[in-house]
Amino acid sequence: MQSLLSPSSLTVVVPVYGNEGSITPLIAALASIKQEAGVAFEAVFVVDGSPDQSYARLREQLPTAGFDAQLIALSRNFGAFSAIRVGLEHAKGSIIAVMAADLQEPPALVIDLFKALLQGDKDIAMGVRESREDPGLSKLASGTFWSLYRRFVMPDIPKGGVDIFAVTSDMRDRLLLLKESNTSLLAQLFWLGGRRAFVPYQRLRREHGKSAWTLKKKLRYLSDSVFAFTDLPVRLLMAIGTLALIAAVGLSILILAAKLSGLVAVPGYAGTMVTILFFGALNSLGLGVVGAYAWRTFENTKARPLSILQSLETFPERHS
């Protein structure tokens with residue numbers, strides 16, 4: 001068998017949480033992926049503090065699975081993206097794919113992603129959902145989530161979102177340089193850039209268990225993504241503050257004109273209103289300015305590299 005350090009080797013990273021019912025078909029699917037890939041293969045399972053028997057079933061079945069495997073257990077539930085990062089850190093293949101343990105993404109998609117990277121002219125391949133066999137409410141929630149994500153976080157992300165992807169080992173190394181908490185792994189992949197391939201697929205209906213990707217977790221992930229990748233809230237606050245200040249000046253002029261014309265009979269009304277309008281607007285503008293400085297400080301503490309080299313070539317001088 002080829003070494004996992006060879007130019008064509010595949011590692012599949014599988015985050016596991018609440019998937020005890022799908023362990024047996026999952027292992028069978030991975031065995032078929034190994035067979036079809038025809039290269040050195042390993043699977044890295046990361047059990048993310050799963051409360052069920054997922055770890056025990058994996059430990060029982062992996063010795064006879066028919067492929068090399070690593071089984072990693074985290075001390076508690078850190079979230080799917082943290083589990084994926086752990087799997088990426090331990091992966092040995094030249095191409096590393098991420099696969100969901102619930103098998104909602106067809107296993108054949110891993111082969112398609114692997115082939116997309118095998119030619120060496122792409123750094124990352126992403127599965128793009130064209131349709132999904134989920135209940136109507138789930139489709140609506142997912143569609144709303146990804147619509148907001150595209151609008152406020154990363155416009156380059158496909159409309160259906162991305163749940164499964166594969167990267168080269170070089171791209172993996174770039175990703176692991178970003179050691180941020182409370183962030184978005186997906187947005188980090190798009191932020192890194194690189195040469196991308198998109199592979200369409202149809203998401204399948206979940207056969208075992210219940211999804212842990214709840215609305216609460218989606219909203220938390222969306223907020224983490226917004227605050228980690230865009231200063232839009234700060235810019236909105238500054239814009240609102242500026243408009244409010246302009247409106248406050250205009251209203252103040254009207255109130256003073258009404259006072260001088262005798263249209264305002266209540267003592268102290270004009271002064272009170274002008275003070276409230278002006279300083280309220282000034283406060284909003286000031287918060288926006290302070291937020292702009294805080295955002296820049298936050299950006300610097302993340303210590304992201306200022307640029308990522310795609311390639312470097314040298315051309316020595318030719319001597320006749």
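**View A. Partial exposure of Asp121 and its salt bridge with Lys122.** Asp121 has a relative accessible area of 39% and is therefore partly exposed, where buried means under 20% relative accessible area, exposed over 50%, and partly exposed in between (1.4 Å probe, protein chains only). Lys122 is likewise partly exposed, at 24% relative accessibility. The two side chains meet in a salt bridge at 3.8 Å, N to O; the term denotes a side-chain nitrogen of Lys or Arg within 4 Å of a carboxyl oxygen of Asp or Glu. By this rule the count comes to three salt bridges. The model is predicted: local features need pLDDT of at least 70, side-chain atom pairs count only at pLDDT 80 or more, and totals for chains, interfaces and linings use all residues. Residues are numbered from 1 along each chain as its sequence is written, and side-chain values use heavy atoms, with hydrogens and water left out.

**View B. Salt bridge between Asp123 and Arg195.** The side chains of Asp123 and Arg195 meet at 3.0 Å, N to O. This pair links distant parts of the chain, 72 residues apart: Asp123 lies in the loop between helix 4 (108-118) and strand 5 (124-132), and Arg195 in the loop between helix 7 (185-192) and strand 7 (196-203). Helices (H or I, at least four residues) and strands (E, at least two) are DSSP runs, numbered from the N terminus. Asp123 is buried at 6%, whereas Arg195 is partly exposed at 35%.

**View C. Salt bridge between Arg172 and Asp173.** A N to O distance of 2.8 Å joins these side chains. Arg172 is buried at 10% relative accessibility, while Asp173 is partly exposed at 41%.
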